[in-house]
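Please look over the structure below. The report that follows takes up burial, helix packing, sheet pairing, cores and salt bridges.

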Amino acid sequence: MRAICNHLLFVAMLALASGPAAAIMLPGDLNGDGSVSLVDEGLLSGFYGTEAGDAGFSPAADLNDDSFVDVCDLAIFGQTAGLSGGDVDTTPPTLAVTLNDIPDGMNDVLVVPPDSFEITLSYSDSESVVDVGSLVVTSDRDLGPYAAGSDLGGEFVATQGRATWIVPAGSELERTTHFLTASISDLAGNATAAVPYGFAVRDHPVSGAPLENLQTVFLDFDQDRSLTNEIDFLEDLRFYHLSSTADLEIEAVMRSWVISEILERVHPFFGRNPDGSAGADSANIVFTDSDPGGLRSRLCVGGQSTQGPQFLGSAILDMNNANEAQDDCLFGAFYGVFPQAMDDLWSGDPGYQSAFWPLHPSFGGTPVGEHALDAAVLTPGFDPSTAPTAQQDRWSDIADATDAFAQIVATVIAHETSHMLGLVAHGDAPGGLFGGDTGTPEMDHNVSLAGTTPQQNYLMNTGGSFGFDEISGRNGVAPPAFRAMNWAYLKNRLVLDPSLTGLYSPPTLTAVGPTSTVVYGGSSESVLVVFQGTGFRATPTFELTIDGNPPAAAVLSEVLLTGNYATGYISPFLVPPGLYDVHVRNPDGQVATLADALLVQP
Amino acid sequence: MRRRELPLLLVACALLSGGTCVETPDPTPVTATAHFVFPGGTILSVGEIVQVQLVVDTDGMPVQAADASVRGDAATSTLLAASPDPAFDDNGTLFLSPVVDAANAEIRRIVDFRHGAPAAPGTIPIANVTLRADVAGQSTLRFSAIRVASSDGVDLVVTAVDQAFEVIP
């Protein structure tokens, strides 16, 4: 429990003393009706004990604005209880709409799958309590079983600060632009303006949706890619003095311990329990240190990268465990996780020295396996809390270095695995996908809309940008975490697609002409075809299909767009006879179809 | 945006004894002591039910609100309920319904406040706890948490004093 109230309010009150008189609300008037009554007291009791960030917290009840509703607010309330004649609240709440809690400025051009993503509303009112029952949300298109225009507000799980609703699985939203409209009121009856929010629904743009099924990552700690006739990961343990060739039994114990620590630390990055079982909010991925066979991704852990001594890791795309080439830890030690880079990056850092130097002979330490107490402190069931001081000290040194090593390696594994799953810079697969550290600044997930790199400790920041404490989550620094955009991708397949530059209406295709003058093989010259419709955006592509079969290749060239007309040339030699459906596809992925629109004669 | 703090300024200024509203208040914490008062002494008989007062002695500051949690000794006694003390309470009810946690021999969230004028400095009984002596032996009643706020919404620094008592057959 907090012990000290916020004194700033009192100072602020004094500072206001010489200010101009103004109409104001009474502190404690939580329903904004101009008086502090039993109704307000009842409201305050409902918020008592909450703090900012709690689902039940209301800033209107935090009378001294210290982020807690506690005895200090109650004391202030007591001073105004029973007063009336204050100003009535006329200020509506603030309201923001987004998807999956993504706060970025670019969140209104998100591309989402046809179901299972989360609509998140956040709102606040420092004058009066928000009336969560007043929430109204509508969509301009059907949302699963809910017809366009119907009120979805009742479907949301609403608290004082936010409301969420997951679009039901199987909703099959139209692959086009959708607009939501939301509003909410406070208890004084002040409603927000209708807040619009648009997003684009598409099928996943590259090689199928990731993480639809549970993906398995085999962490391979047993490779000798450095060709030294020794397993790279054992060389790492010796390099950091977490083991020694002096005692191979103890080295085996340390290897097993460190690997289990790594596994227990990598799973929580993806919302899973340390043992890999699903948590309340987890991504569909699990790690193992033994080869499960079948479809899996493989990430080799150990040694030094051939790309350079400061490369912590590298990975290639392997969504849905589908890239078999990835499984071979290709190109020597080009791809993988490389613990030896830690030394190159952070050996001068006090945190690094504090963790590893107690085991380092050059600094008076003793490697694990060479100390007289190691056999005792590494015996299964060893309890440091009841051990002699010397054993406690030795245990502490080993545990501290193990903690640092395991946490950093786990962080790098989580980072590289996320690249494998598609969290890399924008571009065509496999060069890039959804959210790395380079690429077009205004569309990059690790920079703000203005293009400046934020200071948050995000997991997908580049390896070299982390300080030792940041990547290890030690010395009071919280460990890295996924940016909301990245997590939304892993959880619900939300992406920022560079091809989507705005929220446009879908195209329509109303006519194709001429419809029957194309004669297959009848002429060596291409035939001009005119397409009429609406919503064509520079520059659309046109496809021909029969009965849903794949389009004929390269049938249209030199497309020109003029308002609601597009022209192009069809080569009669490339289009077999038949009655074709014509599809127009805008650059943002939206498609319109005109059935049986083009006849190619024999 | 309007500043809702302004009316409180007027209230708080009135409470400053002879002061003006242009100076920063003294940040020196005001102290208080919280303790228990057993109505008939600290020797109870098995089966006896008593109302123990939760008392705050303040050092010159009026008290507007208090929030306490108390813990007993499940081996010898049972904490049954908490209620407002008329000397502090002005409407006959606690602000919240206290949480009686029998498993942990604890009552949490004993919260009350005064509407309007605060309780004057001095000895202030803020609430009562109903306790039943169950088994003979030595026992202790403790504050597991205690916060007290003055009329300007400032925490008092509270020293909590446990109270030993004896249960006899």
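## Chain B: burial and layout

In this predicted model, 49% of the 169 residues in chain B are buried. The exposed surface of chain B comes to about 7,400 Å². Carbon and sulfur atoms supply 55% of that area.

Chain B holds 1 helix and 11 strands. The helix comes at the N-terminal end of the order, and the strands follow it. Among contacts in chain B with a separation of 6 or more, 77% join residues 24 or more positions apart.

## Helix H11 of chain A

Helix H11 of chain A spans residues 484-492. Of its 9 residues, 7 are buried, so the rest of the structure largely encloses this helix. The buried set is A:Met485, A:Asn486, A:Trp487, A:Ala488, A:Tyr489, A:Leu490 and A:Asn492. Buried residues of H11(A) pack against two elements of chain A: strand S3 (118-124) and helix H9 (389-421).

Just past H11(A) sits A:Arg493, with a positive phi of about 65°. The side chain of A:Arg493 forms a salt bridge with A:Asp115 (3.6 Å, N to O). That pair links distant parts of the chain, 378 residues apart. A:Asp115 lies in the loop between strand S2 (111-112) and S3 of chain A, and A:Arg493 in the loop between H11 and S14 of chain A. Both A:Asp115 and A:Arg493 are buried.

H11(A) takes part in another salt bridge, through A:Lys491, which meets A:Asp281 at 3.0 Å, N to O. These two are 210 residues apart, with A:Asp281 in the loop between helix H5 (248-266) and strand S10 (285-288) of chain A. A:Asp281 counts as partly exposed, at 41% relative accessibility. A:Lys491 is also partly exposed, at 29%.

## A four-stranded sheet in chain A

In chain A, 4 strands make an open antiparallel sheet, ordered S14-S16-S19-S18. Its edges are strand S14 (508-513) and strand S18 (556-562), each paired on one side only. From one strand to the next, the twist averages 25°.

S18(A) pairs with strand S19 (residues 565-570) of chain A over 5 bridges, in the antiparallel sense. Within this part of the sheet, A:Ala566 in S19(A) is the bridge partner of A:Leu561.

## Nonpolar cores

The largest nonpolar core has 98 residues. Residues with the most contacts inside it are A:Ile119, A:Leu121, A:Phe270, A:Phe356, A:Phe405, A:Ile413 and A:Leu490. H9(A) gives the largest share of this core, 13 residues. A:Phe356 touches A:Tyr240, A:Met342, A:Ala401, A:Ala404, A:Phe405 and A:Phe468, leaving aside residues up to four places away in sequence.

A second, separate core has 34 residues, including B:Ala32, B:Ile107, B:Ile146 and B:Phe165.

## Salt bridges across and within chains

The whole structure contains 25 salt bridges over all chains. Which residue of chain B meets A:Asp70 in a salt bridge? The partner is B:Arg147, at 3.2 Å, N to O. This pair crosses between chains. A:Asp70 sits in the loop between helix H2 (38-47) and helix H3 (71-80) of chain A, while B:Arg147 belongs to strand S9 (residues 137-150) of chain B.

Why does A:Asp70 count as buried? Its relative accessibility is 7%, and buried means under 20%. B:Arg147, at 6%, counts as buried too.

Salt bridges also link A:Glu261, A:Arg265, A:Asp400, A:Asp403 and A:Arg474 in a network.

Note on methods. Residues are numbered from 1 along each chain as its sequence is written. Chains are lettered from A and ligands numbered from 1 in the order in which they are written. This is a predicted model: local features need pLDDT of at least 70, side-chain atom pairs count only at pLDDT 80 or more; totals for chains, interfaces and linings use all residues. Side-chain values use heavy atoms; hydrogens and water are left out. Buried means under 20% relative accessible area, exposed over 50%, partly exposed in between (1.4 Å probe, protein chains only). Contact means heavy atoms within 4.5 Å. Accessible areas come from the Shrake-Rupley method with a 1.4 Å probe; for residues, only the protein chains shown count as cover. Two strands pair if DSSP finds at least two bridges between them. Axes are lines fitted to C-alpha atoms, for helices over the stretch in contact, and angles run from 0 to 180 degrees between N-to-C directions. A nonpolar core is a set of buried Ala, Val, Leu, Ile, Met, Phe, Trp, Tyr and Cys residues joined through side-chain atoms within 4.5 Å. A salt bridge is a side-chain nitrogen of Lys or Arg within 4 Å of a carboxyl oxygen of Asp or Glu.
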